[in-house]
Amino acid sequence: MNLSVGLLIALGCIFGGYVGVSLGRDGWDTDVAVNALMHLWQPWEYVIIIGASFGAMVASNKGRVLKKIGGALKKIFSPNTVSLKTNQDLLCLMFELVQKISRGGMRSVEEDIENPKASPLFMRYPSVIANDRLTSYIAEYVRMMLGGSMNLAQFENLMQQEIEVLEEELMVPSDAVHTVADGLPAFGIVAAIMGVVIALQSINQPDIGEKIAAAMVGTFLGVLLSYSMVSPIAKVMEHDAEVELRPFYAVKAILLAYLNKFPPFAAVEFGRKVLFSDQRPSYEDLEKETRDIMRNANR
């Protein structure tokens, strides 16, 4: 939503200001305004700049990266799958998991982690099991805890390595789109130079001014697309990736805290702290939720 509103504000101010300058102090004149905007409509320059940028993106990325870019572009115009509610569900799930381990030992969660989607414990939190990678991440590392073959330092290092790999994967689409944004002004200059070459062939003609003006649209378009459209889109994709990564850090913090002998609620508090402040429940809300979980478990 913010992206759409921001783009409308940016484009409205740019084109509105351009029309305003064209009108000068004579007041509104529809013919003058339309004529000014029509000078910006140079379709072949649009083809050169947008086509060259798209071609460069296709040439510089593998097919799997292009698929990820497509998926990330779809996500930016839809609500985030990670929110305060989903993070609260994650913390409650982790509390139940470590609480169950604390009371019944590691073997008590063996069935839960072998098939999380069929586990009554996991099924109480559909927003968590909807995220296949996060669910797998939880199950795999609890399974490693069950095996007990690694020391704490090795366990932490392995969790961090997987998070780093995931971060690289999530950042690939935004990095690729940032590269496109960086190249757009250069492609705009290419289009402008080509327009100037054509204009100079008619240097003695009376319409030389119009042809030079048309050529300059290429530079304008390249810079406009880069800084007002493509860069913001890349930044939103980057922010979405960062939000998607936070739950993995929360799971890591909780499991490590529990292995360091912290009680279940204290361990979950470690996880709450690494979530973004606007996407984590308050201490009081989480405490209330965990108390309800314990009350229901004791019935």
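Biologist: Let me fix the terms: buried means under 20% relative accessible area, exposed means over 50%, and partly exposed is in between, using a 1.4 Å probe and protein chains only. Which of these does E244 count as?

Modeller: E244 counts as partly exposed, because its relative accessibility is 22%. Before going on, note that this is a predicted model, where local features need pLDDT of at least 70 and side-chain atom pairs count only at pLDDT 80 or more, while totals for chains, interfaces and linings use all residues. Residues are numbered from 1 along each chain as its sequence is written, and side-chain values use heavy atoms, with hydrogens and water left out.

Biologist: Where does E244 lie, and what does it touch?

Modeller: E244 lies in helix α11. Helices here are DSSP runs of H or I with at least four residues, strands are runs of E with at least two, and both are numbered from the N terminus. Not counting residues up to four places away in sequence, E244 touches K75, V82 and L170. Contact means heavy atoms within 4.5 Å. E244 and N80 are 164 residues apart in sequence, and their C-alpha atoms are 8.5 Å apart in space.

Biologist: What about A241, buried or exposed?

Modeller: A241 counts as buried, at 5% relative accessibility. A241 lies in helix α11 and touches L170 and M171, again leaving out residues up to four places away in sequence. From A241 to V58 the C-alpha distance is 22 Å, with their positions 183 residues apart in sequence.

Biologist: Zooming out, how many helices and strands are there?

Modeller: The protein has 13 helices and zero strands. Its radius of gyration, taken over C-alpha atoms, is 27 Å, well over the 19 Å that the globule rule gives for 299 residues, so the protein is more spread out than a compact globule. The globule rule is 2.2 Å times the number of residues to the power 0.38.

Biologist: What box do the C-alpha atoms fill?

Modeller: Taken along the principal axes, the box is roughly 90 × 40 × 30 Å. Of the 299 residues, 39% count as buried. Among contacts between residues at least 6 apart in sequence, 72% join residues at least 24 apart.

Biologist: Which residues touch the most other members of the largest nonpolar core?

Modeller: They are L90, M94, L97, I138, V142, V251 and L255, out of 46 residues in that core. The elements giving two or more residues to this core include α5 (84-104), α9 (132-147) and α11 (208-259). Helix α11 gives the largest share, eleven residues. Apart from this core lies another, of 20 residues, among them L7, I76, A176 and L221. A nonpolar core is a set of buried Ala, Val, Leu, Ile, Met, Phe, Trp, Tyr and Cys residues joined through side-chain atoms within 4.5 Å.

Biologist: Back to I138. Which helix is I138 in, and what is it in contact with?

Modeller: I138 is found in helix α9. Leaving aside its neighbours within four places in sequence, I138 is in contact with L90, L93, M94, L97, F122, V128 and V251. I138 counts as buried, at 0% relative accessibility.

Biologist: And what does V251 touch?

Modeller: V251 touches L90, M94, L134, Y137, I138 and M159, not counting residues up to four places away in sequence.

Biologist: Now α5. Is N87 buried or exposed?

Modeller: N87 is buried, with a relative accessible area of 2%, and it lies in helix α5. Without its neighbours within four places in sequence, N87 is in contact with V82, P247, L275 and Q279. N87 and R291 are 204 residues apart in sequence and 17 Å apart from C-alpha to C-alpha.

Biologist: And what is Q88 in contact with?

Modeller: Q88 is in contact with P281, D285 and E289, leaving aside its neighbours within four places in sequence. Q88 lies in helix α5 and counts as buried, at 13% relative accessibility.

Biologist: Last one, K261. Where is its place?

Modeller: K261 is in the loop between α11 and α12. K261 is exposed, with a relative accessible area of 74%. Although K261 is not a glycine, it has a positive phi of about 75 degrees.
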